[in-house]
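Trainee: Got a minute to go through this one with me?
Mentor: Sure, put it up.
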Amino acid sequence: MFDLDEIFKNKEPGFIGQENKTYSIVVPVIEIDGDQHLIFQVRNKRLKVQPGEVSFPGGQLEEGETPYDTAIREFSEEMSCSPDQVKIITELDTYVAPGRGLIHCFLAEIDRNFNLDINDEVECLFTLPISYFLENEPLVLKNTVRIEPSPDFPFEEMNIPESYHWGSYKYPISFYKIGEIVIWGITANIVNSFSKKLI
């Protein structure tokens, strides 16, 4: 007999089928001249993953970390600042990114005296007023995500018809174009979700 109470008493529920990584990002808000702005970073063009793309500060959970811990650590590392300059307000909706994993999103107020400095992962920083995103709807397109069985899938051995319907679903991709700046994909989807909560 298994002692189910003992086995599960300290186990946190996870996600079945979630083999990808888990990340945390910070949606940083800073006051500039009496207006609330979002801080964005442009990823260094020399990076192997998403070079030159606009993103929020964040990264992968390390062993033993909570999503909250990761958010603070990654923001502090990427922005070369002290953790006490980041005040987490709340956790926003968790983002499920097909083929990527889970992204925990944290809304944070940043110290008004924050020095917009950067590390090697970041090409540059810029800010945009939150009001811009309330006044300007993004372009939203929908990509199709399909499941394809592997070449060695055991259809015959497991008595599964090769005509099995794996299904597909639509995955929205948002775009904001502000002059030469393009905010798109995961970052734009997060901004769009956040701004809708303010209305």
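Mentor: One term up front: a contact means heavy atoms within 4.5 Å. Also, this is a predicted model, where local features need pLDDT of at least 70, side-chain atom pairs count only at pLDDT 80 or more, and totals for chains, interfaces and linings use all residues. Residues are numbered from 1 along each chain as its sequence is written, and side-chain values use heavy atoms, with hydrogens and water left out.

Trainee: OK, so what share of the contacts with a separation of 6 or more comes from residues 24 or more positions apart?
Mentor: Those account for 63% in this chain.

Trainee: And how many helices and strands are there?
Mentor: The chain has 4 helices and 11 strands, taken as DSSP runs numbered from the N terminus (helices H or I, at least four residues; strands E, at least two).

Trainee: How much of the chain is buried?
Mentor: 37% of the 199 residues. Buried is under 20% relative accessible area, exposed is over 50%, and partly exposed is in between, using a 1.4 Å probe and protein chains only.

Trainee: Switching to Arg-73: buried or exposed?
Mentor: Arg-73 counts as buried because its relative accessibility is 17%. Arg-73 sits in helix α2, residues 67–78.

Trainee: What does Arg-73 touch?
Mentor: Leaving out residues up to four places away in sequence, Gln-60, Glu-62 and Glu-65.

Trainee: And Phe-8, where is that?
Mentor: Phe-8 is in helix α1, residues 4–8. Phe-8 counts as exposed, because its relative accessibility is 51%.
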